[in-house]
Amino acid sequence: MPKNPFFLFKEFRVMQDGCAMKVSTDACIFGAWAAAQLRGKSGQALDIGTGTGLLSLMVAQQAPDLRIHAVELDAEAAAQATENARQSPFGSQVQVFALSVQDFLASTDSVYEFIFSNPPFFHRSLPSPQEQRNAARHTITLLHEEIVAIAAERLTLEGCFFVLLPTTATNTFVWQATKNGLLLHKLEYWASRQGQQPHIALLKFGKLPCVEVQKAHHYTCLTDGSYSPAFRALLADYYLHF
């Protein structure tokens, strides 16, 4: 993904120059994956750490009756997410809050049918020198344990919780979720290229048991560098150049 001031999708544009973390292929995969499962749904959703607002906009495109609370701690990123939503066709669906998720939830008793989060990837690892990027990439302001606890507390009984993780964090996160009463429903691993080991995991949890946990492995590109059929199918509603 290029580090341009904006990233253009079929139905909306995401400005990203005010955010430490830019639009990435991994985030697009996650957004499209969650949005496909929320297509046509209604109710309330919570986006924890919205950044540019990318995930909220991808979900809103597929679920026009869903109202989304998008929470972002970084004031500059929250302002950009607000503007991205306002400039999109889905501005009435997405409300951005420039707060930590802890402070936001302390101000409301809302519960959610759907919660999704692309949390910081580097859990308790070596920070980078850039403070804003560091906060966005490392679990400094919001630990994985806290995300699990929030989802367990604020998810409705029949609701779903979606999260994007590095593969190395998957087993511990599933264990923490299970301890908090969240059961794994679906798990997909994605690798950058065919033949490589997966680097990200997409997980879906719920409070109610499912008949069978769905698991799959996919890759973004074929060995010749072209996009894989699974990637093309997943992102067909969003990417301009497929």
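These legends walk through several close-up views of a predicted model.

**View 1. The whole chain, to get your bearings.**
The protein chain holds eight helices and ten strands. Of its 242 residues, 50% are buried. Much of the contact network reaches across the sequence: among contacts between residues at least 6 apart, 69% join residues at least 24 apart.

**View 2. An open sheet with eight strands.**
Follow the strands across this sheet and you will meet them in the order 5-4-3-6-7-9-8-10, with mixed pairing. Strand 5 (94-97) and strand 10 (214-221) stand at the edges; each has a single partner strand, so one side of each is left without a neighbour in the sheet. On average, neighbouring strands are turned by 15° against each other, direction ignored.

**View 3. Strand 7 beside strand 9.**
Here we look at one pair of neighbours from the sheet, strand 7 (residues 155-166) and strand 9 (residues 200-206). Their pairing is antiparallel and runs over seven bridges. To find a matching pair of residues, start at L164, whose bridge partner in strand 9 is L202.

**View 4. Helices that pack on the sheet.**
Helix 1 packs on the sheet and touches strand 6 (112-117), strand 7, strand 8 (183-193), strand 9 and strand 10. The direction of helix 1 makes about 160° with that of strand 7. Helix 6 (residues 144-154) lies across strand 3, strand 6 and strand 7. Like the first helix in this view, helix 6 runs at about 160° to strand 7.

**View 5. R154, a buried arginine in helix 6.**
Is R154 buried or exposed? R154 has a relative accessible area of 9%, under the 20% cut-off, and therefore counts as buried. You can find R154 in helix 6. From there, the side chain of R154 reaches the backbone oxygen of T108 at 3.1 Å. Leaving aside neighbours within four places in sequence, R154 is in contact with L105, T108, D109, S110, V111, Y112 and I115. R154 also forms a salt bridge with E153, with the closest N and O atoms 3.6 Å apart. Unlike its buried partner, E153 counts as exposed, at 57% relative accessibility.

**View 6. A salt bridge between distant parts of the chain.**
R39 and D237 form a salt bridge, and their closest N and O atoms are 3.6 Å apart. Where do the two residues of this pair sit? R39 is in the loop between helix 1 (25-37) and strand 3 (42-48), while D237 belongs to the segment after helix 8 (229-235). The two are 198 residues apart, and the pair links distant parts of the chain. R39 is partly exposed, with a relative accessible area of 46%, and D237 is partly exposed too, at 35%.

**View 7. A salt bridge within helix 3.**
This view shows R86 and E83, which both lie in helix 3 (residues 75-87). They are three residues apart, about one turn of the helix. The salt bridge between R86 and E83 brings their closest N and O atoms to 2.6 Å. R86 counts as exposed at 55% relative accessibility, whereas E83, at 34%, counts as partly exposed. In total, the count comes to three salt bridges.

**View 8. Two separate nonpolar cores.**
The largest nonpolar core has 44 residues. Those with the most contacts inside this core are F9, F12, L54, F162, L235 and Y238. Helix 1 gives the most to the core, with eight residues. A second, separate core has 28 residues, including I48, A151, F161 and L184.

**View 9. The surroundings of Y238.**
Zoom in on Y238, one of the residues with the most contacts inside the largest core. Not counting residues up to four places away in sequence, Y238 touches F9, K10, F12, A32, A35, M58, Q61 and Q62.

**View 10. A177 in helix 7.**
A177 is found in helix 7 (residues 170-179). With a relative accessible area of 0%, A177 is buried. Which residues does A177 touch, not counting those up to four places away in sequence? They are V148, L182 and F205. For another landmark, look to G206: A177 and G206 are 29 residues apart along the chain, and their C-alpha atoms are separated by 9.6 Å.

Methods:
Residues numbered from 1 in each chain as written. Predicted model: local features only at pLDDT ≥ 70, side-chain atom pairs only at ≥ 80, totals over all residues. Heavy atoms only, no water. Salt bridge = Lys/Arg side-chain N within 4 Å of Asp/Glu carboxyl O. Helix = DSSP H or I, 4+ residues; strand = E, 2+ residues; numbered from the N terminus. Buried < 20%, exposed > 50% of the residue type's maximum accessible area, 1.4 Å probe, protein only. Pairing = 2+ DSSP bridges. Axes fitted to C-alpha atoms, helices over the stretch in contact; angles between N-to-C directions. Contact = heavy atoms within 4.5 Å. Polar contact = N/O pair within 3.5 Å; in protein donor to acceptor, adjacent residues only side chain to side chain. Core = buried A, V, L, I, M, F, W, Y, C linked by side-chain atoms within 4.5 Å.
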